[in-house]
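Have the sequence and the 3D view ready, and work through these exercises at your own pace. Try each task yourself before you read its solution.

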Amino acid sequence: MSFLLRHRWVTPYLLLAPGLVWLSLFFLAPLGFLGYQSLQSGTFDFGFDFTWQFSNYWDALKTYDQHLIRSLVYAGIATVLALLISYPLAYWIAFRGGRWKNLLLLAIIAPFFVTYLIRTLAWQNILSDQGFVVHTLRDAHVLGDDGRLLATSTAVVAGITYNFLPFMALPLYVSLEQIDHRLIEAAQDLYASKAKAFLRVTLPLSLPGVFAGTLLTFIPAAGDFINAQLLGTPKQHMIGNVIQSKFLELIDYPAAAALSFVLMAAILAGVLAYTRALGTERLTG
Amino acid sequence: MTIAAESVRVGPRTNVWAFLRRHLLTAYALLAFVYLLLPIAVVVVFSFNDPAGRFNYTWQGFTLKNWTNWNGVPGLTEAMSLSLQIAAISAAAATVLGTLIALALVRYGFRGRGATNLLVFLPMSTPEIVLGASLLALFLTLNVATGYLTIVIAHIMFNVSYVVVTVKARLVGFDRHLEEAALDLGASEWTTFRKVTLPLIAPGILAAALLAFALSVDDFVITYFNSGAEVTFPLFVWGAARVGAPPQVNVIGTAIFVVALGLMLANVLVQTRRTKGSE
């Protein structure tokens, strides 16, 4: 104790040490090992050797470009859908929720209380050929008589949208909730129509929430493989399915590791482009 | 909206627009809630189903036998108990590690703050599959057999960041004058921490621990990569889904949902009462 009192500057480092050591050993170092693995060559039977095999990346991109594009497209569509569904919902809770706000928020995160796999299986059930959704759509001739929902891209995107929706809705709600209502009243006092007040005041003020929500939805969505596995077929498989099967079933570690980095690079590129387009400095600034 | 502003704009057109918008929005919100809650209802309802074949897809008839016979599927009880053990260990460890980091970040100015914030933030913004794959790369390269221990290591890793964020939120809104008062009255720093700081941030720490516990019980992807021969509850569901998940899976799913919802409801009620009391 007396040592601590004489050297107060050490205290924060002592507090940080255990947690940061853990994160360094089991988050940072593993990324290094993944990089090391991605440059190996060989097979499971003869063993893998480190040979600076940069062609692993090129091969991965060439072979699985379709999976990569599909992942980004599915994640992109799901993110937009989640935004369209949650913005009005978050707005409604923030501005009309009154004293029920906390309870309504609880309803938004309620899906998280059901195990991820089980709620995806529930969608399998809802979209199945025997389910009422398919029957209704067939009767309404939206789907053909043998039209299906399960095992289609629609099902996979719907599953992804559902599973990550709370990540979109919560930041949206937080940013909408913080808006000072007097600003909107001021706009209306100055003869802005309600629509205009929304477009010029509420929407811009909620952009930080839109920004956080889209990132929180897009990143896990692009890496997901559970929805494609349970709600789709190999035709809907995403890059995550390939990484998973190469790592755990085909035992092709170098290709799987290279694909993991390709996925991260693709996500990073997407996030940077998005940040550029939206102008984060203006947002956080 | 002020009364003055309302009285300025009473044309029929604005009223129709306002009426439509108000109710359209409410209808839209209600539909969104149906969408959010429908799969949960399916999980609960089908836990009472009496399926004819392997697949628990179509409604065959009401039964309680899945509930009374909840442990009737081989391996399910073991998987659930493994999940709860790992959740308890990893939540406890991550809560300690994360709370210490949060205290350092909020309370002290030090070199390397930015880097620390980044290191805490990165695991949360990395796709789970990359976290799982990279940990497996580490264990494979160092010849560590995957199993119980590696699952615990992985769960502590992804939980730390969430604990930091949750406890930090509580610490930021903290009234430092309370601590200063204790120090002025002659309490040592340690006593002040124990008797003033800790009780005040305890709800934040508890919330963080519960969140970590829930994240651990729910995790599939990272566990899948690092589980070896061990089977946690989500891994059991994954295996069962390939051949048709038994209704007992819905029973456990419903039970987890009810417990989690109950805890959150209690939390909301306590908060609501507290804000009412302070008004």
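**Exercise 1. Describe the make-up of chain B, from its elements to its overall dimensions.**

Step 1. Start at the N terminus and list the elements of chain B: they run α-α-α-α-α-α-α-α-α-α-α-α. That comes to 12 helices and zero strands. Keep in mind as you go that this is a predicted model.

Step 2. Now look at the dimensions. The C-alpha atoms of chain B fill a box of roughly 70 × 65 × 35 Å along the principal axes. A compact globule of 279 residues would have a radius of gyration near 19 Å, but the value for chain B is 25 Å.

Step 3. Finish with burial and contacts. In chain B, 37% of the 279 residues count as buried. Take the contacts in chain B between residues at least 6 apart in sequence: 77% of them join residues at least 24 apart.

**Exercise 2. Decide which part of chain B to read with caution.**

Step 1. Begin with the average: chain B has a mean pLDDT of 86, and 91% of the residues score at least 70.

Step 2. Then compare the elements of chain B. Helix α10 (residues 221-226) of chain B has the highest mean pLDDT, 95, while helix α1 (residues 3-8) of chain B has the lowest, 46.

Step 3. Look at the start of the chain. The pLDDT is below 50 over residues 1-8 of chain B, and this stretch has eight contacts in the model beyond near neighbours in sequence. Where pLDDT is low, the predicted coordinates should not be read in detail.

Step 4. For the model as a whole, the scores are ipTM 0.87 and pTM 0.87.

**Exercise 3. Find the two domains of chain B and describe how they meet.**

Step 1. Mark the bounds: domain 1 of chain B covers 76-241 and domain 2 covers 246-279. Their centres, taken over C-alpha atoms, are separated by 21 Å.

Step 2. Count the residues in the contact: domain 1 of chain B gives eight and domain 2 of chain B gives seven. On the domain 1 side, the elements that give two or more residues are α4, α9 (189-218) and α11 of chain B. By class, this side has eight nonpolar, no polar and no charged residues.

Step 3. Zoom in on α11(B). Its buried residues include B:Phe233, B:Leu235 and B:Trp238. Just after α11(B), B:Gly244 takes a positive phi of about 100°.

**Exercise 4. Work out which helix of chain B gives the most to the side that touches chain A.**

Step 1. Get the overall count: 67 residues of chain B are in contact with 68 residues of chain A.

Step 2. List the elements of chain B that give two or more residues to this side: α2 (12-46), α4 (76-107), α5 (113-121), α6 (128-141), α7 (148-172), α11 (233-243) and α12 (247-278). The answer is α2(B), with 15 residues.

Step 3. Sort by class: the side of chain B that touches chain A has 54 nonpolar, 11 polar and two charged residues.

**Exercise 5. Locate the strands of chain A and one of its open helices.**

Step 1. Chain A has 14 helices and two strands. The strands, β1 (residues 40-43) and β2 (residues 47-50) of chain A, pair in the antiparallel sense over four bridges.

Step 2. Look at how they connect: β1(A) and β2(A) form a hairpin with three residues between them. To check one pair, find A:Ser41, whose bridge partner in β2(A) is A:Asp49.

Step 3. Move to helix α7 (residues 132-139) of chain A. Of its eight residues the number buried is zero, so α7(A) lies largely in the open. A:His141, which follows α7(A), has a positive phi near 60°.

**Exercise 6. Is A:Ser260 buried or exposed, and which residues does it touch?**

Step 1. Find A:Ser260 in helix α13 (residues 253-278) of chain A.

Step 2. Count its surroundings. A:Ser260 has 31 other C-beta atoms within 10 Å, and a residue is buried at 20 or more, so A:Ser260 is buried.

Step 3. List the partners, leaving out residues up to four places away in sequence: A:Ser260 touches A:Leu34, A:Ile243, B:Val130 and B:Ala133.

Terms used: Residues numbered from 1 in each chain as written. Chains lettered and ligands numbered in written order. Predicted model: local features only at pLDDT ≥ 70, side-chain atom pairs only at ≥ 80, totals over all residues. Contact = placed C-beta atoms within 7 Å. Nonpolar A, V, L, I, M, F, W, Y, C, P; charged D, E, K, R; others polar. Pairing = 2+ DSSP bridges. Buried ≥ 20, exposed ≤ 12 C-beta atoms within 10 Å, placed from the backbone. Domains from an automatic or database assignment. pLDDT = per-residue confidence, 0-100. Rg over C-alpha atoms; globule rule 2.2 N^0.38 Å.
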